[in-house]
Amino acid sequence: MDGCVLQVNTSPGGVPKLPVERAWVWQLGLDGDGHHHSTVHGGPHRAVALLGIEAIERVQADGHPIEPGSVGENLTTSGIELAHLPIGTRLAIGEQLVLELSAPANPCDVIKSSFRHGKSGRISILTHPSDSRMYARVLTDGEVRPGDLIRVLPPAAETQAETHQLLDLLDSVERESWLAMWRAAATVGYDVRILDHGDAAGAASPDLPGSVFNRAIGLRQIPVILPALLDLYRDAGTTGWLIAGLDDPPFPGAIADRQLGIHVGDVEDVPEAHVPDVEIRPVEPGGEARWAELYVAGLGIDGPIAEAWRRFETTLAAARGYHQVFAWRGGREIAAAAMFTRRRVAWIGSATVIPEARGLGIQRALIAYRARMAETLGCQWVMATADLGNVSSANLTMMGIRQIWSRGHYRFDPTT
């Protein structure tokens, strides 16, 4: 299924991207190319956008005014059904350039002028799987020109393309869970300043010190957001924690304060786990305050953060997709846990067990219970984070929720 480059397209930002005679392609895309929405397009995992002329002609046949470059693809290709290729497939282009397909490109309103009635969903991979644009990473820099041959190569043995595609999904769900908590705290009156740019988000709170309300996520996907995040902490006068890969720190010389693993498993693969005389069930309406008290006490949370949990928990409990559970023994609440669901993913947060009930396997039972709950809610994946090598990490692995990635919390002190 080899083909060729039909057209090379760039623009200073926005669409259409117009044809050029040649372009140098490197980690962040084509020299001379820009994006009006740099937090949506571009970055190392979406460096180059591609679309085949075959897809363009099918869309044109449906009466849409699409043309090469009009929907923002950098390379218009010929001879290859790009959207049919597995993620991780390599494209060797011309003499040097090698790309790796990383993800489908979701349609948006920016390109609506290329479609009748603005229906850009005509090139969504969900509804028209043959006609989607595709994103690619750059494995080897090189020049690209119209007429360059494209050789389709299988994924490299060491590729992490599928891992990054799964991380895109998992990161989006985790990000929304943090946003729900930050917004709940802001709703009840705390000074929580939120920066939300789609795939990246951050919070800074002069009222609530520590990493929970002063952290930023999404740098793996869109490192271009880093200056805005640093300004967020400078303006708030707070120390922030930037979450990024252990092998890709947010700035040179950065050392992680904390190292965590990202764990994920199929809900169907999580085994059952029960503890004699222990019952787990959802928190009933009116039980949110008791849940918050057990949670902050069990995790040793104190000071202003503990008081914040007591104040915003009722608001957070009402957020869409947020679920709380208690474990009971002898008519007494002995453990508290929570879960957040979006996009068929269940993000299971920290759980706590009172000291006298520890060592019985209740943490594993809480994992299993939430996985079963997630399954009934239509989720496919269950995900969690845990410090590398600790007991929580071991429990997750034992329950079939494997580590697929590692990342660090990198401290940024605006006063130094």
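Select Asp33 first: with a relative accessible area of 18%, Asp33 is buried (under 20% relative accessible area; over 50% is exposed and in between is partly exposed, with a 1.4 Å probe and protein chains only). This is a predicted model, in which local features need pLDDT of at least 70 and side-chain atom pairs count only at pLDDT 80 or more, while totals for chains, interfaces and linings use all residues. Residues are numbered from 1 along each chain as its sequence is written, and side-chain values use heavy atoms, leaving out hydrogens and water.

Now add Lys17, which is buried too, at 4%. Asp33 and Lys17 form a salt bridge, with the closest N and O atoms 2.8 Å apart (a side-chain nitrogen of Lys or Arg within 4 Å of a carboxyl oxygen of Asp or Glu). Asp33 sits in the loop between β4 (29-30) and β5 (48-52), and Lys17 in the loop between β1 (3-10) and β2 (18-20), so the pair ties together parts 16 residues apart in sequence. Helices (H or I, at least four residues) and strands (E, at least two) are DSSP runs, numbered from the N terminus.

Stay in the loop between β4 and β5 and pick Arg46, then jump to Asp199, in the loop between β12 (193-197) and β13 (200-204), 153 residues apart. Their side chains meet in a salt bridge of 2.7 Å, N to O, and both Arg46 and Asp199 are buried.

Next, select Asp62 and Arg122, another salt bridge, with the closest N and O atoms 2.8 Å apart. Asp62 is partly exposed at 38%, whereas Arg122 is buried at 9%. Widen the selection to Arg58, Glu81 and Asp131 as well: these residues are linked with Asp62 and Arg122 in a network of salt bridges. By the same rule, the count comes to 27 salt bridges.

For the last stop, show helix α4 (residues 288-298), where the buried residues include Trp291, Leu294 and Tyr295. The buried residues of α4 pack against α5 (303-317), β18 (322-329), β19 (332-342) and β21 (352-353), contact meaning heavy atoms within 4.5 Å.

Turn the view to α4 and α5 together: they pack at an angle of about 140°, with their axes 9 Å apart. The contact is made by Glu288, Trp291, Ala292, Glu293, Tyr295 and Val296 of α4 and Ala306, Trp309, Arg310, Glu313, Thr314 and Ala317 of α5. Axes are lines fitted to C-alpha atoms, for helices over the stretch in contact, and angles run from 0 to 180 degrees between N-to-C directions. Finish at Gly300, which follows α4 and has a positive phi, near 70°.
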